[in-house]
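Reader: I have some questions about how terms are applied here. Please take me through the reasoning.

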Amino acid sequence: MPGPVLHTGATVTCPHGAPLNIVAAGSRVTVSGTTAAVLTDQGNVTGCPFTVPPSKPQPCVSTKWLAGATRVTASGQPLLINPAGAVCLSADQIPAGPPVVSGTQARVVAT
């Protein structure tokens, strides 16, 4: 499925509204002046407020990218596209849902 390319400056949050920061391992490919994100890049979440009853904190801390572009790569890895095929995880690796992408670049579309 085609979609806008995600990059390190994209506006992404966990399902609970905490910011997700894409940490790119390489910087050879850029879109909109920032590094393009690929399937092997880290997605770190900070400040997630999620708790499970009765009051056990279970915040999102990372993201596992599940799928990227099928035909476009950077440094041999599929580019991440919006909608992002991913799931946010707690420190115990418990899935909490997909990240929410609300801002990406609009000029480059990958398939």
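Reader: What makes the approach of the Asp-41 side chain to the backbone nitrogen of Ala-25 a polar contact?
Author: In this predicted model, the Asp-41 side chain comes to 3.0 Å from that nitrogen. The cut-off for N or O pairs is 3.5 Å, so the pair qualifies.

Reader: Which other backbone nitrogen does the side chain of Asp-41 reach?
Author: That of Val-38, at 2.9 Å. This value also falls within 3.5 Å, so it is a polar contact too.

Reader: Why is Asp-41 said to have no salt bridge?
Author: The nearest side chain of opposite charge belongs to Arg-28, 13 Å away. A salt bridge needs a nitrogen within 4 Å of a carboxyl oxygen, so Arg-28 does not qualify. Asp-41 is nevertheless buried, a term that means under 20% relative accessible area.

Reader: Where does Asp-41 sit, and what does it touch?
Author: Asp-41 lies in the loop between β5 (34–35) and β6 (42–45). Leaving out residues up to four places away in sequence, Asp-41 touches Ile-22, Val-23, Ala-24, Ala-25, Ala-36 and Trp-65.

Reader: How do you know that the radius of gyration agrees with a compact globule?
Author: For 111 residues, such a globule would have a radius near 13 Å. The protein chain has 14 Å, which agrees. Its C-alpha trace spans about 45 × 25 × 20 Å along the principal axes.

Reader: What makes up the secondary structure of the protein chain, and what share of its residues is buried?
Author: The chain has zero helices and 15 strands. Of its 111 residues, 38% count as buried.

Note on methods:
Residues are numbered from 1 along each chain as its sequence is written. This is a predicted model: local features need pLDDT of at least 70, side-chain atom pairs count only at pLDDT 80 or more; totals for chains, interfaces and linings use all residues. Side-chain values use heavy atoms; hydrogens and water are left out. Helices (H or I, at least four residues) and strands (E, at least two) are DSSP runs, numbered from the N terminus. Buried means under 20% relative accessible area, exposed over 50%, partly exposed in between (1.4 Å probe, protein chains only). Lys and Arg count as positive and Asp and Glu as negative; His and the chain ends are not counted. A polar contact is a pair of N or O atoms within 3.5 Å; within protein, one must be able to donate a hydrogen and the other to accept it, and residues adjacent in sequence count only if both atoms are side-chain atoms. Contact means heavy atoms within 4.5 Å. The radius of gyration is taken over C-alpha atoms; the globule rule is 2.2 Å times the number of residues to the power 0.38.
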